[in-house]
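Here is a short tour of the fold you have on screen, arranged by topic so that you can follow along in your viewer. Let's take a look together.

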Amino acid sequence: MKAYILKLSFEGIEPEVWRRVIIPAGATFNRLHETIQYVTNFKSYMEPYHDFCFPLEDVIITNNEELIAQKEIGGKKVKQPTRIKIDAYLEKYGKILYQYDFGVQWEITVALENTVDDYYFGFPTLLDGGGMAPPEDVGGPAGYMEFLKIIHNPVHPQYTIYREWAERVGYKPFNIENINHSLKHVKFKKTEWEHIHHENYVIISDKYRGSDLIDTEKVANKELIFDYIVSCTNLYGIVPNYKVIQIYNLQNKQKITNKDLQAITTDSHYKKMLEKSNVVVVMDRFIHQSLDENNLTQQLEQVVVGKPFYIPEKEELLRYKDAFYYEKTKYHRELAKLLEKVEITENKSIQEIMKDFVWKTKAMNYKFNSTMKEFMSQFVFKDVKQVNEITKVLVLAANATRTWNNRGYTPEELSNLTKPKQTKVAAGVKIGRNDPCPCGSGKKYKKCCGR
């Protein structure tokens, strides 16, 4: 089957954002539009959200009804994208321009890199790419460049608002596997399975789409990947697949992909292990079973939108494989010490009571008052002074506990996260270009005040 290999490049933004796709010949301009939408973070593949246009030498191809009604603009005919195929234009010009959202005018250059005759799928495939594509309605190239400045600066006054908005509109990292799964919806030709190495329509190997087979035995460090899934789920309550991959790759030399996660989650042995560890696999994320059982998943997802993930060092993170593990701060130790002087009404150890308190604080921080009331009901106090003393430390311990609704941050940490931190530099001390900037932005000096 004849097909075109195209490079799609965003104009006017840095760092460069590009995608390389292969699309069967015979695609209409509307199919090319849908392909571009699927491989970026735009959303018009879901519904006609914004208008688009391909301004060519002798014709304007667009879905804009007002322009179509004019029939001709500046001597160029205006035609609908559902009726014209891309073949002749790609082969004649080698490069065409895609314009999207006329209010801010996104421009993506579509360049023909190669024409092949050994592609047999009736839909496009993403082959490669680079950069995180801009989100919908960010304000065009200029708006996106400003957005990047804010989203990478935790002390910016609009940082939290922008993070929350970005997550709500689907601003996600580049993920080839997920995108290629979605591109199957852009099917406009019959797939020629007789030319594809497959078994019951499961691709064994293909030059362009690789393989659908997931061989768990070939995945390195399976146990470690499993530990990361469980640890992240226990720390965050809900964690997207891509975040587990990001954290794993940040902390380990041998990198993993979405397929490695799929190998774990589809293997019968590890599926049972995940169930025993109270991890529920739901599409592109992992959820703690307690949320799923109590129908709290959606509620937590709404609460955490826009909040950053707390990422401890590897050794500390993997301690969370134990669902009841928690960092024992001075407040937790002080609380446990105070409880030694109080009469316990139930047959429980102080250690058990502390674990139960931290778990409920972590998983149900939004119900802290009821958690505290339940905690205090387990004791017989000498007097009001003792009640007040323990209550004070109890609140401090709760504020030092990592919670799901803060994505692993403690309430105190999260409240301080966006506050500017001034760092004094001794007179005469030279700051290295790769040193942290003394202004407290979190960036390297060369990327901040040292520009």
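In the three-stranded sheet, I238 stands opposite I287 of β14. Please keep in mind that this is a predicted model. The bullets below start from that pair and then move on to the nine-stranded sheet, the cores and the helices.

**The three-stranded sheet**

- I238 and I287 face each other where β12 and strand β14 (residues 285–288) pair in the antiparallel sense, over three bridges.
- The sheet is open, its strand order is β12-β14-β13, and its pairing is antiparallel.
- β12 (238–240) and β13 (279–282) are at the edges with a single partner strand each, so each has one side without a neighbour in the sheet.
- From one strand to the next, the twist averages 20 degrees.
- Helix α7 (residues 222–236) lies across β12, β13 and β14. Its direction is at about 60 degrees to β14.

**The nine-stranded sheet**

- This is also an open sheet, with mixed pairing and the order β5-β6-β4-β3-β7-β8-β1-β2-β9.
- Its edge strands, β5 (72–73) and β9 (125–130), each pair on one side only.
- Strand β1 (residues 3–10) and strand β2 (residues 18–24) are antiparallel and share seven bridges. Within this pair, I5 has I22 of β2 as its bridge partner.
- Strand β3 (residues 52–55) joins strand β7 (residues 95–100) through two bridges, again in the antiparallel sense. Here C53 is partnered with Q99 of β7.
- β7 is also linked to strand β8 (residues 106–116), by six bridges and in antiparallel fashion. Y100 stands opposite W106 of β8.
- The hairpin of β7 and β8 has five residues between the strands, and D101 takes a positive phi near 60 degrees in it.

**Helix α1 and the cores**

- How much of helix α1 (residues 29–39) is covered? Ten of its eleven residues are buried, so to speak of it as mostly covered is fair.- The buried residues of α1 are F29, N30, L32, H33, E34, T35, I36, Q37, Y38 and V39.
- α1 lies across β1, β2, β3, β4 (59–62), β7, β8 and β9. Relative to β7, α1 runs at about 70 degrees.
- Which residues have the most contacts inside the largest nonpolar core? They are L6, F29 and V110, in a core of 43 residues. The largest share of this core, five residues, is supplied by α1.
- Beyond its neighbours within four places in sequence, L6 is in contact with R19, R20, V21, I23, L32, L90, V110, A111 and L112.
- A second, separate core has 30 residues, among them I225, V239, Y248 and L317.

**Helix α9 and its surroundings**

- In helix α9 (residues 258–266), the buried residues are N258, D260, L261, A263, I264 and T265.
- The cover over these buried residues includes α6 (176–183), α7, α8 (241–251), α10 (268–276), β13 and β14.

**A pair of packed helices**

- Helix α14 (residues 330–339) and helix α17 (residues 384–399) have axes that come within 8 Å and cross at roughly 150 degrees.
- α14 and α17 are therefore roughly antiparallel to each other, and their crossing is left-handed.
- On the α14 side, Y331, H332, E334, L335, L338 and L339 take part in the meeting of the two helices. On the α17 side, their counterparts are E389, I390, V393, L394, L396 and A397.

**A closer look at A166**

- A166 is found in helix α5 (residues 159–168).
- Is A166 buried or exposed? A166 counts as buried, because its relative accessibility is 3%, and the cut-off for buried is under 20%.
- Apart from neighbours within four places in sequence, A166 is in contact with F147 and Y171.
- A166 and F29 are 137 residues apart along the chain, and their C-alpha atoms are separated by 29 Å.

How values were computed: Residues numbered from 1 in each chain as written. Predicted model: local features only at pLDDT ≥ 70, side-chain atom pairs only at ≥ 80, totals over all residues. Heavy atoms only, no water. Pairing = 2+ DSSP bridges. Helix = DSSP H or I, 4+ residues; strand = E, 2+ residues; numbered from the N terminus. Buried < 20%, exposed > 50% of the residue type's maximum accessible area, 1.4 Å probe, protein only. Core = buried A, V, L, I, M, F, W, Y, C linked by side-chain atoms within 4.5 Å. Contact = heavy atoms within 4.5 Å. Axes fitted to C-alpha atoms, helices over the stretch in contact; angles between N-to-C directions. Parallel < 35°, antiparallel > 145°, perpendicular 65-115°, else oblique. Left-handed = near helix turned anticlockwise from the far one by under 90°.
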